[in-house]
Amino acid sequence: MTYRRLGRSGLKVSVLSFGSWVTFGDQVDTALAKECLTAARDAGVNFFDNAEAYAGGQSEQIMGDAIAELGWERHSYVISTKIYWGIHKDVVNMANTLNRKYLMQAIDGSLERLGLDFVDLLYCHRADPETPIEETVWAMSDIVSSGKALYWGTSEWTAEELRAAYEIAERHHLHKPVMEQPQYNLFETKKVEREYARLYEDWGLGLTTWSPLASGLLSGKYADGIPEGSRASLPGYEWLRDFVTDPAKNEQVKELTVIAERLGVTVSQLAIAWCAANPNVSTVITGASNVDQVHENLKALDALEQLTPEVLAEIAEITSPFRKR
């Protein structure tokens, strides 16, 4: 396993990490979570990602219970959670917001479910247009000062929103946002490669990217429809079905499979490795609903070593939106 600094911070995270979105609570119970977490950790993974909204808080509870039962020493891993959506949907000020009241109470709820005194990374899961960014920055900085989180950052914020937050923090000598968690994969590159381009050099933004397989599309499993038990077959994920069964994208996946087979890896491993090949990416968050998937994903490290400039150029030619078809 390789470890990279989280932006310009001194914190190092494994280049491949493990996240619980979709799986924990929906497909994975505590016993299976323990197996998956152990497999990831044994391979050198030290960063584990979560969010209060995943399975309505169940994901944090399952991960916290699993880690406690495994007896991991707190200094040996990095854990994150994200707050914004809330789990009390019918209560004013407690959902879809980044106001101070919500943030100060949400972190306490997450820590209780995780069974921890602090999280290493705390994210604003989305931006909140109804709350002044200054209010959010002060609250997040105060959470860090309280010791309930060590670093704070954002997820899916625009570059303009990130700059505003950073400048407010700098002006008032507050804890600055350190990292952003955007979607990044072969079919989704805009934020990471264009919108945030200046932020890496200007103030050392770190990235913990999610969905390296484009919700499973880049695994190739949707080439012939939606398999039973897959993410797109789950209740509440109807919105995903048209995307993962898109004929043009599945044709691109087939072409990528040819490259993967030549390198002796799977197309999933190729796609994950491609994300990690970007030097601005601190870690690529992977997910799995069973131990075999954990092992499969982590073998992307073998593919990463083979991504020469020539191979990357081949991949770019296949996935270019400007390519004539």
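1. Secondary structure. The protein has 13 helices and ten strands. The model is predicted. The points below take the overall dimensions, then helix α1, then the strands around β9.

2. Overall size. A compact globule of 325 residues would have a radius of gyration near 20 Å. The protein comes to 19 Å, so the two agree. Along the principal axes, the C-alpha atoms fill a box of roughly 50 × 45 × 35 Å.

3. Burial and surface. Of the 325 residues, 53% are buried. The accessible surface is about 14300 Å². Carbon and sulfur atoms account for 49% of that surface.

4. Contacts along the chain. Take the contacts between residues at least 6 apart in sequence. Of these, 76% join residues at least 24 apart.

5. Length of α1. This helix covers residues 30-42, which is 13 residues. At 1.5 Å a residue, α1 should span 18 Å. The C-alpha atoms at its ends lie 18 Å apart, so the model agrees with the expected span.

6. Buried side of α1. Which residues of α1 are buried? They are Ala33, Cys36, Leu37, Ala39 and Ala40. They cover an arc of only 160° around the axis, which means that they sit on the same side of α1.

7. Cover over α1. The buried residues of α1 are covered by elements including two strands, β3 (16-19) and β4 (47-49). Helices α2 (58-70) and α11 (291-298) are also among the cover.

8. After α1. Gly44 follows the helix. Its phi is positive, near 105°.

9. Strand β9. This strand holds residues 206-209. Gly206 and Thr208 point one way from β9. Leu207 and Thr209 point the other way. Are these residues buried or exposed? All are buried, on both sides of the strand.

10. Partners of β9. How many bridges join β8 to β9? There are two, and the strands run parallel. Strand β8 consists of residues 179-180, and its Met179 stands opposite Gly206 in β9. Strand β10 (residues 283-286) is also joined to β9 by two bridges, again in parallel. Here Thr208 of β9 stands opposite Thr283 of β10. Gly206 and Thr208, which point one way from β9, thus each have a named counterpart: Met179 for Gly206 and Thr283 for Thr208.

Note on methods: Residues numbered from 1 in each chain as written. Predicted model: local features only at pLDDT ≥ 70, side-chain atom pairs only at ≥ 80, totals over all residues. Heavy atoms only, no water. Helix = DSSP H or I, 4+ residues; strand = E, 2+ residues; numbered from the N terminus. Expected span 1.5 Å × (residues − 1). Buried < 20%, exposed > 50% of the residue type's maximum accessible area, 1.4 Å probe, protein only. Arc of directions from axis to C-beta. Contact = heavy atoms within 4.5 Å. Rg over C-alpha atoms; globule rule 2.2 N^0.38 Å. Areas by Shrake-Rupley, 256 points an atom, 1.4 Å probe, with all protein chains shown as cover. Pairing = 2+ DSSP bridges.
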